[in-house]
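Open the model in your viewer and show the chain as a cartoon. The stops below say what to select next and what is there.

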Amino acid sequence: MPQKILIIGACGQIGSELTFKLRSIHGDENVIASDIGYNNLDVVNSGIFEIVDAQDYGSILHCVEKYKITTIYLMAAMLSATGEKYPMKAWNLNMDSLFHVLNLAKAKFIEKIFWPSSIAVFGPTTPKHDTPQHTVMAPTTVYGITKQVGERWCEYYFDKYGVDVRSLRYPGIISWKTPPGGGTTDYAVEIYHRAITDGHYSSFLSEDTELPMMFMDDAIDATIQIMDAPANQLTIRSSYNLAAMSFTPKDIAAEIQNHVKDFIITYNPDFRQQIADSWPKSIDDSVARTDWNWKHKFDLKKMSQEMLTQLGKKYATTEK
């Protein structure tokens, strides 16, 4: 029997690209995309799409039963920067949705869950360089708090109820296909767009703010790889550290200038600077690399070339 997959939050930055990739692997008819609205028409029109409220258990259950879902990817969340503006909304969305999906698995309606965590689980007292898998967390944002608490509940449901839940601590994700979703690392997406459209960019983080980052293709590959890994190879049921590269706004600007000679960057840090300062500069993901053979493909140079090439084509098409 083929997997029947439900993606909740399929219109978001990661959810949309995950939808297309999973459909290419499992077939359009076996991957059900869902979101709270028709926010991404490319996703909506690409296959089966349902309106699902991630905070409504009944809404999710109806979709699960309708399509005989076996696997859920829960990608709906309010991210770090937006979450600080609406803390209780972030808490309710991020936690209610997770409990609903965990309880569906506990009740044997579904067999497997993917739930993303984040480097936001770490805080100012966490070791900044090569942050280990097991370490001090103490997050300082609502988003980070929900992810840390969520990790504990995932592990609890695995230990107590045998729920097959799998998770990755995503670093900042960079993509040319979809806009960023309200996170602290959004500058690393915006800067490529502005380099092409305006020739200059004002960064909301200071020039030396180093953060762990990852190209979307690697993030999608990692997500699918951990879901395909044999259960007995997984030693972490909270969430795996995941890494590819670390850089600063100054680093990324210099790489862009290799392609866009007159590109100019200025720095005007805002409230997101404090969030970024609480996060690690680099991540040790050796456990993921050992357990399920994780390997990234994109570094800053390769990613920048791909971003500028694809965005150049995209804007040239738009102008026509």
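The tour goes from the whole chain to single residues.

**Before selecting anything**

This is a predicted model, in which local features need pLDDT of at least 70 and side-chain atom pairs count only at pLDDT 80 or more, while totals for chains, interfaces and linings use all residues. Residues are numbered from 1 along each chain as its sequence is written, and side-chain values use heavy atoms, with hydrogens and water left out.

**The whole chain**

Select the protein chain: twelve helices and 14 strands are present. Helices (H or I, at least four residues) and strands (E, at least two) are DSSP runs, numbered from the N terminus. The protein chain is as compact as a globular protein of its length, because its radius of gyration is 19 Å, close to the 20 Å that the globule rule gives for 320 residues. That radius is taken over C-alpha atoms, and the rule is 2.2 Å times the number of residues to the power 0.38. Along the principal axes, the C-alpha atoms fill a box of roughly 60 × 50 × 40 Å.

Now show the surface. Its accessible area is about 13,600 Å², and 52% of this belongs to carbon and sulfur atoms; the areas come from the Shrake-Rupley method with a 1.4 Å probe, and for residues only the protein chains shown count as cover. Of the 320 residues, 56% are buried. Buried means under 20% relative accessible area, exposed over 50%, and partly exposed in between (1.4 Å probe, protein chains only).

**Arg-237**

Select Arg-237, in the loop between helix H8 (216-228) and strand E12 (240-241). Is Arg-237 buried or exposed? Arg-237 counts as buried because its relative accessibility is 6%.

Next, add Asp-164, whose side chain makes a polar contact of 2.7 Å with the side chain of Arg-237. A polar contact is a pair of N or O atoms within 3.5 Å; within protein, one must be able to donate a hydrogen and the other to accept it, and residues adjacent in sequence count only if both atoms are side-chain atoms. Add Val-165 too: its backbone oxygen is 3.1 Å from a polar atom of the Arg-237 side chain. Leaving out residues up to four places away in sequence, Arg-237 also touches others, including Glu-151, Phe-158 and Ala-231. A contact here means heavy atoms within 4.5 Å.

**Phe-204**

Move to Phe-204, in the loop between strand E10 (200-203) and strand E11 (211-215). Phe-204 is buried, with a relative accessible area of 5%. Among the residues that Phe-204 touches, not counting those up to four places away in sequence, are Tyr-187, Pro-269 and Arg-272. For a longer view, select Arg-152 as well: its C-alpha atom is 32 Å from that of Phe-204, and the two are 52 residues apart along the chain.

**Lys-108**

Go to the loop between helix H5 (87-106) and strand E5 (112-114) and select Lys-108. Lys-108 is exposed, with a relative accessible area of 64%. Lys-108 is not a glycine, yet has a positive phi of about 70°.

**Asn-293 and Lys-295**

Finish in the loop between helix H11 (286-291) and helix H12 (300-319), where Lys-295 is found. Asn-293 is also in the loop between H11 and H12. What joins the side chains of Lys-295 and Asn-293? They are joined by a polar contact of 2.7 Å. Asn-293 has a positive phi of about 60° although it is not a glycine. Last, select Asp-218: its C-alpha atom is 8.4 Å from that of Lys-295, with their positions 77 residues apart along the chain.
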